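Below are some remarks for a colleague who is reading through this model. They take up one helix and its surroundings, and then the aromatic side chains.

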Amino acid sequence: MTDPVRAALYLRVSTTRQAEVDLSIPDQQAQTSAYCARQGWRVVTEYVEPGASAMDDNRPEFQRMIERACDDDHPIDAIVIHSFSRFFRDAFGLEMYVRKLAKHGVRLVSITQELGDDPAQVMMRQVIALFDEYQSRENGKHVLRAMKENARQGFYNGSRLPLGYALSEVDKRGHRTKKKLVIDPVEAETVRLIYRLYLEGDGGKGPMGVKEVTKALNAQGLRTRLGARFGVASVHKILTNPVYKGRWRFNQREAKTGRSKPANEIIEVAVPAIIEQPAFDRAQRSLKARDLRILPPRVVTGPILLTGLAHCATCGGAMTLRTGTSKSGKVHRYYSC
């Protein structure tokens, strides 16, 4: 008597909100488990991805599953999914991982799209994957179009709120509640303090630099919205964010790459201002005058060869030196964004 097929279930939804309020994952789990029971297969493990896009493989549970499936002890015979779109929504990515699994003797089984390994059915799987990819990209396009129109009407689209602002419910359309930015009086005082310290200083000592402002905030026990200590980067972001002069910007960067979008794709929305326009403009002029692209002495004399010169090709951020230790104990140096 042969041993039963050892199956791993992969269950996924696209967003954490779906995972919290949707019944999709429990339904996927019930259907894939029932399928395995009918086939006489033994479910040995489950991998649940509660909020990750299938357009790429940047998914922790997915990577953990693939790594385990390809282990030398061959712990899994089949990965069972509800449909191919749960596994991947990119045709090339799907085929690449199907072939990688096949090299280790692992099958990918869709319970709603059962296909074999003959050329005609392989072609059908590839056609299904192309349709899944097309549908995902179309859905993304329509969602973005709706969010841009929502922003044009002055409503907030749900990203992390900037310090100094809260949300107010202003309209109800069907089951959706429309919200707008309003000033949070307590947090707004922290924002005003940051600008005041940067432009005027404290105690007649004159304007402070970003680093000194950061130290002053932490010395007073002030914290970010997430309850963390302020850092130079977070203070600099507050000093440069046009939302504080009353202009909230939506659709500034590509979600995956972080690259800036063309100016004609950015939506600007009027919101209550915390900082007056003249003060905001003064801060921008001061920051520009202190721009690190005009290299300070510490960059020229620093011990790292490419300090101030190497920048990330994707986001434009500065590269910094990192170190790592190999299994042999040798320390390697490399540049990282």
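**Notes on a helix and on aromatic pairs**

1. The model is a predicted one, and my reading starts from the residue that comes after helix α7: this is Gly201, whose phi is positive, near 85°. At the start of α7, a side-chain oxygen of Asp184 reaches to within 3.0 Å of the backbone nitrogen of Val186.

2. The length of α7 can be checked by simple arithmetic, since at 1.5 Å a residue the 15 residues of this helix (residues 185–199) should span 21 Å, and the end C-alpha atoms are indeed 21 Å apart, which agrees.

3. Which residues of α7 are buried? They are Glu187, Ala188, Thr190, Val191, Leu193, Ile194, Tyr195, Leu197, Tyr198 and Leu199. What covers these buried residues includes the strands β5 (165–173) and β6 (176–183), together with the helices α8 (210–219), α9 (232–240) and α10 (277–289).

4. Turning to the aromatic side chains, the count comes to 13 aromatic pairs, taking rings as paired if their centres lie within 6.5 Å. One of them joins Tyr10 and Phe87, whose ring centres are 6.4 Å apart and whose planes stand at 80°, so the pair is edge-to-face. Because Tyr10 lies in strand β1 (residues 6–13) and Phe87 in helix α4 (residues 84–87), this pair ties together parts that are 77 residues apart in sequence. Tyr10 is buried, with a relative accessible area of 0%, and Phe87 is buried as well, with a relative accessible area of 0%.

5. A further pair is that of Phe62 and Tyr97, with ring centres 5.0 Å apart and planes at 85°, so that this pair, too, is edge-to-face. Phe62 belongs to helix α3 (residues 60–69) and Tyr97 to helix α5 (residues 91–103), so the pair ties together parts that are 35 residues apart in sequence. As for accessibility, Phe62 is buried, with a relative accessible area of 0%, while Tyr97 is buried with a relative accessible area of 5%.

6. The two pairs should be read together, for ring pairs link Tyr10, Phe62, Phe87, Phe88 and Tyr97 into a cluster. One ring of this cluster, that of Phe88, also has a charged neighbour, as Arg59 lies over its face at 4.9 Å from the ring centre.

7. A second charge placed over a ring deserves a look: Lys180 lies over the face of Phe155, at 5.4 Å from the ring centre.

Note on methods
Residues are numbered from 1 along each chain as its sequence is written. This is a predicted model: local features need pLDDT of at least 70, side-chain atom pairs count only at pLDDT 80 or more; totals for chains, interfaces and linings use all residues. Side-chain values use heavy atoms; hydrogens and water are left out. Helices (H or I, at least four residues) and strands (E, at least two) are DSSP runs, numbered from the N terminus. The expected span of a helix is 1.5 Å times one less than its number of residues. Buried means under 20% relative accessible area, exposed over 50%, partly exposed in between (1.4 Å probe, protein chains only). Contact means heavy atoms within 4.5 Å. A polar contact is a pair of N or O atoms within 3.5 Å; within protein, one must be able to donate a hydrogen and the other to accept it, and residues adjacent in sequence count only if both atoms are side-chain atoms. Rings of Phe, Tyr and Trp (its six-membered ring) pair if their centres lie within 6.5 Å; planes under 30 degrees apart count as stacked, over 60 as edge-to-face and the rest as tilted. A charge sits over a ring if NZ of Lys or CZ of Arg is within 6 Å of the ring centre and within 35 degrees of the ring normal.
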